[in-house]
Amino acid sequence: MNPLKELQTHGQSIWLDFLARGFIAKGDLKAMVERDGVRGVTSNPSIFEKAIGSSDEYDATFEKLLKGGDRSVIDLYEAVAIEDIQNAADVLKPTYDELDGRDGFVSLEVSPYLARDAEGTLTEARRLWQAVGRENLMVKVPGTREGLPAIEQLTAEGLSINITLLFSQKVYAQVLEAYISGLEKFAAKGGDISKVASVASFFVSRIDTAADRQIDDKIAAANDEERKAHLATLKGKVAIANAKLAYQHYKGVITSERWKALEAKGARVQRLLWASTGTKNKAYSDVLYVEELIGPDTVNTVPPATLDAFRDHGKVHDTLEENLPEAAQVLADLADAGISLDSITDHLVHDGVRLFSEAADQLLGAVAAKRARMLGKKIDTQAFSLGDDLTHTTKALTDDWRAEGKGRRLWKRDASVWTGHDEAKWLGWLDAVAREQNSLRLYQRFADAVKRAKFTDAVVLGMGGSSLGPEVLATTFKQAKGFPKLHILDSTDPAQVKRVEKSINLTRTLFIVSSKSGGTTEPNALMDYFFARVEKVSGQQPGVHFVAVTDPGSSLEKVAHERGFIHVFHGGPSIGGRYSVISPFGLVPAAAAGIDLKKFLESAGAMAHACGADVPPHENPGIQLGLALGAAARAGRDKVTLSASRQIEDFGAWTEQLIAESTGKNGRALIPLADEPLGKPDVYGADRVFVDLALNGDTSREAALAALERAGHPVIRIAVTDATHIGQEFFRFEIATAVACSVIGVNPFDQPDVEAAKVKTRELTAAFERDGTLPEETPLVTDGNLSVYTDDNNAEALREAGADGTVASWLKAHFARIEAGDYAALLAYIDRNDKDVAAVQKARIAIRDAKRVATCAGFGPRFLHSTGQAYKGGPNTGVFVQITADDAKDLPVPGQKASFGIIKAAQARGDFGVLTERDRRALRLHIKGDVGKGLAAINAAVAQALS
Ligand SMILES: O=P(O)(O)OC[C@H]1O[C@](O)(CO)[C@@H](O)[C@@H]1O
Ligand SMILES: O=C[C@H](O)[C@H](O)COP(=O)(O)O
């Protein structure tokens, strides 16, 4: 007789510890059921890893699934895993029916990531039970401390549970107790307990592996031969002894009155299932863990090799209750030898969870890689050229993130990933894509209404997070037919306000007032200004030209209602400004401009899936980018130069805010540099990392990037395959920034130092409202159309360094303070028009090339809501030149004394005040008269100072 079948006559069922798609499809499982009497199948994360992750057997199915629409990695995995389990369950269904539900089960394990999460285990077990939908399913739940209550609860709900990762007799006893209590509860609720089955998977070979290692150490340490020989007799004996004694506990329990009462109601025993019965030590018999554990009411689940071996030469007789005293003696001798079985079993549970988690990481990583490959051009790729050291640190960080499950913890909003403060409150952006996809109809209705109203222009009035995302959309996408042209206004510069006003038709313009807080100075002043202008020009009720985007309950919402705005869109209070582009702050302007939001969100969704909680760090593009940037920051390469193809160039401005406001605090930062054109390697110091976004195969910067790479600078290349993929990049960079902040050790979601400048500005504007003038200031020097200002400390230091009567001398002394690793920032409170931008850029590049330092160019007050945070809160490595100017023509703000010009001046002074208060090296140049001429004079002075 086939020894495998013979086991049945001894009350033991043989199950197969293996599963794979083709194996079932080809009829191999069925053949084992028929030929060998296999009565069940077990799976675990390692088994699925081998089947799915390490083969291409499932690829065609994945392709097919993805053709039907993008899916998350876990969805892809579960779709095939559940199908496999269902197929196996169907093969075993006749066995199950024949044996009246006593056998014929297939087991599917809950995610090993939940092994320490009681609630999560419960939810997942219920979900898998439903999803598989086969009565001969057993859901596998680990016998961890957290698993135990779940086992009782699930049994009480009538689910059949296989308790896995059992090593210790003590824990096994608790598991059996949990099963019995669960049955009692189910019975008390009127449940049919005869339908509930359970097995307790008691692991065997792993115990010997661990115990033998310690026994070997003791043998090596023993100096007497007899002792060595005695210790050697324990090898390969501990696991079986442990299992035999566990079985004795089972026997005691099932003869109890308590059990008999349940049995009378039809309860089925919870069979002990010997798991981990493939022999690991080649010196032992390959059927050791089958032959030694044969007895009634048990199961042995074996890998295919053990099954074959036992079929070939297995010997069957009742061994489970043989030599019980010897078994007890083995464990006593082990303890005498100073080896603690408790500590071995504790460790094995720990290790078991780790090993299964690692298998799951590998499996999901493999599925993620397959998904990315199959999506092809639908998902942007990134390539890292980091050099040996950074590659090494990034890899070490990746390992740490994987081992600590930090990606999952990030998605679970676990603040301890960062500083343990209020981070959990600010992670609403993580699932923004799915949420916004559900609101598509709302956006569509709004877009239709905008189109019907025949607006020619739409102007977003907002700052930072409320303006930079829309600005990327406005510059990336062509004006859609029938929709207004999208403009962004994020300045208090009167000339810039007027310039925008002149470029639109006030009577046919939609204004989108965007402010999360509703209390930001600039959008409120701009709203008041344009509201009055529309009223004046059109004579209409101006509210019909306005919508607001703001968080619920803000002061802006109140004003919008009072003024009869067309609509108030609510932002999500758990999403901070710079993470809000995939929320009404980005999507309302996008809808107004006729951008295809379905496509945009679909594309963003592909990246959200790629960066998901289920994608381990090594295959997770957002985490990889974040870790590389974090590693770069740690290595002193804390200046991130952002370059991009022309159509998506503005992405840099959005990224600047994201990175600077998120990372730049507590004296730490990644300093982002947008719009600093790529130069030759010799203009850069060793503090740089380059991130390039190439649209649609654009190779125009490739030679420059390759040269930087050759010179040893880290270069990260992102291939954006379509402009609509800008949504993917928003998401990638949001994850990456949050991850980099974790590495740097800061809270990504606050901006403590922006407030300081706002307070100073408010003091100044309050003084103006009171006195009708801003406090007097005296220049240090006036040289032609330029005046120089700074605080006493800076003035003294610069004078000592040779600053005298000319602007050039002050700049020269100022630039002499720039050291390697510093950055120079030009902060211009002027109209951000093309001509003036070019002039500021010229000065910037001159400084970079002469001093080999990173340079920033910010326009005030716009940058205050962006990079301004890092300038004040980051390390004291910035050297600042603030540029202010007289306004040729000022504009009043209705309802207040302070005009736009005054507000801007107060903002510049407030900003400068905080910089100098914080010992920053800062100098202010004020232009009198024509701004263009002033900038030319500054450029001349810069050139002279650098010469
Ligand atoms: O949307 P709000 O509340 O007007 O804020 C605008 C911007 O101001 C900041 O709070 C910084 O000043 C940014 O973080 C934010 O994006
Ligand atoms: O349920 C089965 C277990 O997961 C399996 O037997 C573990 O075996 P291993 O120790 O060989 O990994």
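In this short talk I will go through two sheets, two helix pairs, two ligand surroundings and a few backbone details of this structure, which is a predicted model.

Let me begin with the five-stranded sheet. Here five strands form an open sheet with mixed pairing, and the order across it is E9-E18-E17-E15-E16. The edges are taken by strand E9, residues 381–385, and strand E16, residues 671–674, and each of these has a single partner strand, so one side of each is left without a neighbour in the sheet. Going from one strand to the next, the twist averages 20 degrees. If you look further into this sheet, you will find strand E15, residues 639–644, running parallel to strand E17, residues 688–695, with six bridges joining the two. One position to look for there is Val-640, whose bridge partner in E17 is Val-689. On this sheet packs helix H28, residues 621–634, which touches E9, E15, E17 and strand E18, residues 715–720, and whose direction makes about 25 degrees with that of E9.

While we are in this region, please also look at the loop between E16 and E17, where Asp-675 has its place. Although Asp-675 is not a glycine, it has a positive phi of about 60 degrees.

Now to the six-stranded sheet, which is likewise described as open and with mixed pairing, and whose strands follow the order E19-E20-E24-E23-E21-E22. Which strands stand at its edges? They are strand E19, residues 781–783, and strand E22, residues 854–859, and since each has a single partner strand, one side of each is left without a neighbour in the sheet. Ignoring direction, neighbouring strands of this sheet are turned by 20 degrees against each other on average.

As a general reminder before the pairings, strands of a sheet pair through backbone hydrogen bonds, and they do this either in parallel or in antiparallel fashion. Starting from the E19 edge, E19 pairs with strand E20, residues 786–789, in the antiparallel sense over three bridges. Among the partners in this pair, Val-781 is matched with Val-788 of E20, and Asp-783 is matched with Leu-786 of E20. The hairpin of E19 and E20 has two residues between the strands, and within it Gly-784 takes a positive phi near 65 degrees. E20 in turn pairs with strand E24, residues 921–927, again in the antiparallel sense, over four bridges, and here Tyr-789 has Arg-924 of E24 as its bridge partner.

At the E22 end there is one more backbone detail, namely a cis peptide bond that joins Gly-860 and Pro-861, with omega at about 0 degrees. Pro-861 lies in the loop between E22 and helix H36, residues 868–873.

Let me turn to the helix pairs. Helix H34, residues 807–816, and helix H38, residues 931–946, pack with their axes 8 Å apart and at an angle of about 55 degrees, and the two are therefore oblique to each other. The crossing in which H34 passes H38 is right-handed. On the H34 side the contact is made by Val-807, Ala-808, Leu-811, Lys-812 and Phe-815, and on the H38 side by Ala-941, Val-942, Gln-944, Ala-945 and Leu-946. Sorted by class, this contact has eight nonpolar residues, one polar and one charged.

How do the axes of the other pair, helix H9, residues 169–188, and helix H12, residues 238–254, lie? They come within 10 Å and cross at roughly 30 degrees, which makes H9 roughly parallel to H12. This crossing, too, is right-handed. H9 brings Gln-169, Tyr-172, Ala-173 and Leu-176 to the contact, while H12 brings Asn-242, Leu-245, Ala-246, His-249, Tyr-250 and Val-253. The classes here are seven nonpolar, three polar and no charged residues.

Finally, the ligands. Ligand 1 is surrounded by 15 residues, of which Gly-464, Gly-465, Ser-515, Thr-520 and Gly-577 are the closest, and the shell divides into three nonpolar, nine polar and three charged residues. Around ligand 2 there are 13 residues, and those that come nearest are Asp-17, Thr-42, Asn-44, Ala-275 and Ser-276. Strand E6, 198–203, and helix H10, 205–221, are the elements that give two or more residues to this shell. By class, the shell around ligand 2 holds two nonpolar, nine polar and two charged residues.

How values were computed: Residues numbered from 1 in each chain as written. Chains lettered and ligands numbered in written order. Predicted model: local features only at pLDDT ≥ 70, side-chain atom pairs only at ≥ 80, totals over all residues. Axes fitted to C-alpha atoms, helices over the stretch in contact; angles between N-to-C directions. Parallel < 35°, antiparallel > 145°, perpendicular 65-115°, else oblique. Left-handed = near helix turned anticlockwise from the far one by under 90°. Contact = placed C-beta atoms within 7 Å. Nonpolar A, V, L, I, M, F, W, Y, C, P; charged D, E, K, R; others polar. Near = placed C-beta within 6 Å. Pairing = 2+ DSSP bridges.
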